[in-house]
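Please open the model in your viewer and keep the sequence panel beside it, since this tour moves from one selection to the next.

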Amino acid sequence: MGQWIGILVVAIALYILWHIRQILLLIFTAVVLATAANSFVRRVQQLNIPRKRAVILTLILFTSLAVVFTALVVPPFVAQFQELLQLLPMGIDKIWRSVPLWIDYILKWVPENFEEARNTLLILQERLQDETLRVDFSRLDLSELSQQASPVVAQVIDNFVTVFNNAITITLQLLLVLVLTVMLLGDPQSYRQAFLMLFPSFYRRRADRILTNCEISLGNWFAGVIVNSLFVGTCSGLGLWFLGIDLALAHALLAGLLNFIPNIGPVLSVVFPLSVAIQNPSWRIGAVIILYLVVQNLESYWLTPTVMAKQVSLLPALTLIAQIFFATVFGLLGLILALPLAVVAKVWIEELLVRDILDSWQKSPFLR
C-alpha cells in the first residue's frame, strides 16, 4: 500500500511540474544568471571587498553594460528600419522593371520545341513592358496604401490587444527573472540549503557535491561562450568596417549577443547587416554573406572545439538534440537556454544515474 501511495505522489508531482514548466524555466534562467554573476562577485571579493559591496558593484556594472548596449544597438536599428521602409518601394520598382530582362534570359535557355512555354513568356513580357499597365512602385506612399487597406488595418487593430497582452507578459517575466536573480545573488547559500532539503537526508551531502559540479560546469560554459562571442563580434565588426557597412559596431555587438544561441543565433545575426547592405545593392551583399560564413565556420569548426573541449565536453549532435527537445517542450526560451539546460542535465545524468545507480547496480543472482 505504501509503494502505491508513493507512486501516486510521484505521478501527481510530475503532473504539477509539467503544468508549471514555464515558471520552472524562468527560475532556472535566474539561477544561470545568478551563477554567472556570483563568479564575478567572488573575483571582486578577492580584492578584500565585503560580499554586499561586491554584489552592489556587480549589479551596477552589469546594469551599465546593459544600458550601453541598448543605447548603441537599438536607436541605430530603429533609424535604419525607417529608412528601409522608405526605400522599399524603390527596391520593388527596380525588381519589377528587371523582370522583362530576366524573361529574355530565360527565353535563351528554353528550347524551340517548347512553343507554348515560349509564347506564354513572350505575352507576359509584352504586358510588363506596356506603359499603360506599368505601375511606378517608386512613387507608392506606404501611408496612403495603409489607409486604403482598411480590412487589413482592422484585423491588425483586432489583434493589437493580444500583442499588447503578450508584451506585458514578457515584461513581467523579465522583471521576475531579474528580481529572482538579485535575491539568489544576495544569499545563495540559504537558497541552496533549502533546495537540498528536497533530497533524502542520506543523499544531501552527495547532492551538494553535484550542485557544486553543476556550478563549475555552468561557469565553464559561460566563460567559453564569452570567448566565442568576443571572437565573433570582433571579427564581424572589423569585417563590416572594412566593407564599409554602416553601423558596424552595432552589428558586431548584436552578432556577439546572438552567438549565445547556437545554430539559430548566427543565422539571425546576418539578417541585420544584410538589411543595411540591400539599401544600396552592390557587391557588398555577397561580401557580407561570405564574411559571416567565414567567421561562423571559424568559430564552429576551430574555436568552439578548442575552447569548449577544455570547458564543457558536449557532443555537437547532443547539442542539436538538446535544442530541438527543449524548444519543443519550453518554446523560444527553451531554445535560448538549451545549452545551459544540457550542461546541467549532463552533470546530473553522469553523477546520479550513471555513477550512483548504474555503476553500483548489483548483478542479479539469476544471471550468474
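At roughly what angle do the axes of helix 2 (residues 21–45) and helix 8 (residues 204–243) cross? Bear in mind that this is a predicted model, and then select both helices: their axes come within 10 Å and cross at roughly 85 degrees. Since angles of 65 to 115 degrees count as roughly perpendicular, helix 2 is therefore roughly perpendicular to helix 8.

Next, show the side chains where these two helices meet. From helix 2, the contact is made by Val32, Thr35, Ala36, Asn38 and Arg42, while helix 8 brings Glu215, Leu218, Trp221 and Phe222. Coloured by class, the residues of this contact of helix 2 with helix 8 divide into five nonpolar, two polar and two charged.

Stay with this contact and select Arg42 and Glu215, whose side chains meet in a salt bridge with an N to O distance of 3.0 Å. This pair links distant parts of the chain, with Arg42 in helix 2 and Glu215 in helix 8, 173 residues apart. The count of salt bridges in the model comes to seven.

Now keep helix 2 selected and add helix 15 (residues 338–358), where the two axes come within 11 Å and again cross at roughly 85 degrees. Helix 2 and helix 15 are therefore also roughly perpendicular to each other. Here the contact is made by Leu25, Phe28 and Val32 of helix 2 together with Pro340, Leu341 and Val344 of helix 15. By class, this contact of helix 2 with helix 15 has six nonpolar residues, no polar ones and no charged ones. Val32 of helix 2 takes part both in the contact with helix 8 and in the contact with helix 15.

For the last stop, switch to a surface view and select Leu8, Val10, Ile12, Leu14, Tyr15, Ile16, Leu17, Ile20, Ile23, Leu24, Ile27 and Val31, which form a nonpolar patch with about 1100 Å² of accessible area together. Helix 1 (2–19) and helix 2 each supply at least two residues of the patch, and the largest share, seven residues, comes from helix 1. Val10 is one of the patch residues and is found in helix 1.

Terms used
Residues are numbered from 1 along each chain as its sequence is written. This is a predicted model: local features need pLDDT of at least 70, side-chain atom pairs count only at pLDDT 80 or more; totals for chains, interfaces and linings use all residues. Side-chain values use heavy atoms; hydrogens and water are left out. Axes are lines fitted to C-alpha atoms, for helices over the stretch in contact, and angles run from 0 to 180 degrees between N-to-C directions. Helices (H or I, at least four residues) and strands (E, at least two) are DSSP runs, numbered from the N terminus. Angles under 35 degrees count as roughly parallel, over 145 as roughly antiparallel, 65 to 115 as roughly perpendicular and the rest as oblique. Contact means heavy atoms within 4.5 Å. Ala, Val, Leu, Ile, Met, Phe, Trp, Tyr, Cys and Pro count as nonpolar, Asp, Glu, Lys and Arg as charged, and the others, Gly among them, as polar. Patches are made of residues with over 30% relative accessible area and no salt bridge: like charges are joined within 9 Å, nonpolar side chains (Val, Leu, Ile, Met, Phe, Trp, Tyr) within 5 Å. Accessible areas come from the Shrake-Rupley method with a 1.4 Å probe; for residues, only the protein chains shown count as cover. A salt bridge is a side-chain nitrogen of Lys or Arg within 4 Å of a carboxyl oxygen of Asp or Glu.
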